[in-house]
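Reader: I'd like to go through this one and hear the reasoning behind each label. Can we take it piece by piece?

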Amino acid sequence: MTSPVALVRRARRINRTLAEVYPDARCELDFRSPLELLVATVLSAQTTDVRVNQVTPVLFAQFPDAAAYAAADVEDIESIIRPTGFHRAKAKALVGIGAALSERFDGAVPARQADLVSLPGVGRKTANVVLGDAFGVPGLTIDTHVGRLARRLGWTTQEDPVKVEADVAALIERREWTLVSHRLIFHGRRVCHARRPACGDCAIADLCPSAGLVAGAR
C-alpha cells in the first residue's frame, strides 16, 4: 500500500512531467472576458469545446453583456446554441445568469466560488473554470477526463466530483490546481482515452498504477 507521503510525491512528479509534455496546456474554450468564459463553460456541458467555439462568436456578438442575456428572447439564444445540445436548458440558464448578474452583481461576473455557484446552471466545475482562467484564482476542474485520470493514477477512488476534488487538492500544491486540471484534460483527450488508453505512448506510464491494466489499452 502506498504511503500518503509517497502518494503526494508521485502525484507531484506526474504533474511536473505533464507540465513538460504539455507546456501550452490551457482552457480550450475561446473567450475574451469572464462573462464569455462563464457562458462558454455552461455551453460546454455534454459537448466538445470545438463545438462550443463554433457557436460562441455569433452568440457573443449578439449578447455582449449580462443585460443583453437578461433581456433576451430565450428562443433567440436556443437557435444559436442548438448545435451544443440541450439547447433549451442551456438557453434558460443563460437568461437566468444574465438576470442574476444584472440584479445582484451590477452586471459583472463575481470572483468568488460561493457567488458563482449561486447563479442558475453553475456548479463547482464551472465556477472553478471561471475562477482559474478568468480571475487567476486556483481551482480544480473535475470534468470526466480529470475524474477518470485521477482514478487511474490512484489519486482517488471516488466517483463524486466533489470528493475527487478534495482528494486531488490534498495531493497537488494549490498554486498548481488550475494548470494540473488543464494538463490532465489535455492528456485525457490525447493519450489516456476512456476506452483505449495509449499506455505505450504515455509519458507517465511508469508512474501510473493502471498502465497496461485497462481493457483495450495499447
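Reader: What makes the backbone oxygen of Gly85 a polar contact of the side chain of Lys90?

Author: Bear in mind that this is a predicted model. The backbone oxygen of Gly85 sits 3.3 Å from a polar atom of the Lys90 side chain, and the cut-off for a polar contact is 3.5 Å, so the pair counts. The backbone oxygen of Leu43 is 2.7 Å from a polar atom of that side chain, so this pair counts too.

Reader: How do you know that Lys90 has no salt bridge?

Author: The nearest side chain of opposite charge belongs to Asp49, and it is 9.7 Å away. A salt bridge needs the nitrogen and the carboxyl oxygen within 4 Å, so Lys90 is left without one, although it is buried.

Reader: Where does Lys90 lie, and which residues is it in contact with, leaving aside its neighbours within four places in sequence?

Author: Lys90 is part of helix 6, residues 87-104. Its contacts, with those neighbours set aside, are Val42, Leu43, Ala45, Thr47, Ile81, Thr84 and Gly85.

Reader: Ala45 is on that list. Why is Ala45 called partly exposed?

Author: Its relative accessible area is 32%. Buried means under 20% and exposed means over 50%, so 32% falls in between. Ala45 lies in the loop between helix 2 (34-43) and helix 3 (49-62). Apart from neighbours within four places in sequence, Ala45 is in contact with Thr84 and Lys90.

Reader: What makes Gln46 exposed, and what is said about its phi?

Author: Gln46 has a relative accessible area of 68%, and exposed starts over 50%, so the label follows. Its phi is near 60°, a positive value in a residue other than glycine. Gln46 is placed in the loop between helix 2 and helix 3.

Reader: And why does Asp106 count as exposed?

Author: Its relative accessibility is 77%, against a threshold of over 50%, so Asp106 qualifies. Asp106 has a positive phi as well, near 55°, and its place is in the loop between helix 6 and helix 7 (113-116).

Reader: Let's turn to charges. How do you know that Asp49 and Arg189 form a salt bridge?

Author: Their closest N and O atoms are 3.1 Å apart, and the limit is 4 Å, so the pair passes. Asp49 lies in helix 3 and Arg189 in helix 11, so the bridge ties together parts that are 140 residues apart in sequence. Asp49 is buried at 13% relative accessibility, while Arg189 is partly exposed at 31%. Both belong to a network of salt bridges with Glu28 and Arg190.

Reader: What makes Arg175 and Glu173 a salt bridge?

Author: The N to O distance is 3.8 Å. The limit is 4 Å, so the pair is counted. Arg175 is exposed, with a relative accessible area of 65%.

Reader: Arg32 and Glu36 pair up too. Why is Glu36 called buried and Arg32 exposed?

Author: Glu36 comes in at 10% relative accessibility, and buried means under 20%, so that label holds. Arg32 has 70%, and exposed means over 50%, so Arg32 gets the opposite label. Their closest N and O atoms are 2.6 Å apart. A search of the whole structure finds 10 salt bridges.

Reader: Why is helix 11 described as largely enclosed?

Author: Of its 14 residues, 11 are buried, so the rest of the structure largely encloses this helix. The buried ones include Trp177, Phe186 and His187. Among the elements covering them are helix 1 (4-21), helix 8 (124-134), helix 9 (144-152) and helix 10 (161-169).

Reader: How do you know that the span of helix 11 agrees with what is expected?

Author: At 1.5 Å a residue, helix 11 (residues 177-190) should span 20 Å, and its end C-alpha atoms are 20 Å apart, which agrees.

Reader: Last topic: which residues have the most contacts inside the largest nonpolar core?

Author: They are Leu38, Leu59, Tyr69, Ile77, Leu94, Leu101 and Leu119, in a core of 37 residues. Helix 2, helix 3, helix 4 (66-70), helix 5 (74-81), helix 6 and helix 8 each supply at least two of its residues. A second, separate core has 29 residues, including Phe186.

Conventions:
Residues numbered from 1 in each chain as written. Predicted model: local features only at pLDDT ≥ 70, side-chain atom pairs only at ≥ 80, totals over all residues. Heavy atoms only, no water. Helix = DSSP H or I, 4+ residues; strand = E, 2+ residues; numbered from the N terminus. Buried < 20%, exposed > 50% of the residue type's maximum accessible area, 1.4 Å probe, protein only. Lys, Arg positive; Asp, Glu negative; His and termini not counted. Polar contact = N/O pair within 3.5 Å; in protein donor to acceptor, adjacent residues only side chain to side chain. Contact = heavy atoms within 4.5 Å. Expected span 1.5 Å × (residues − 1). Core = buried A, V, L, I, M, F, W, Y, C linked by side-chain atoms within 4.5 Å.
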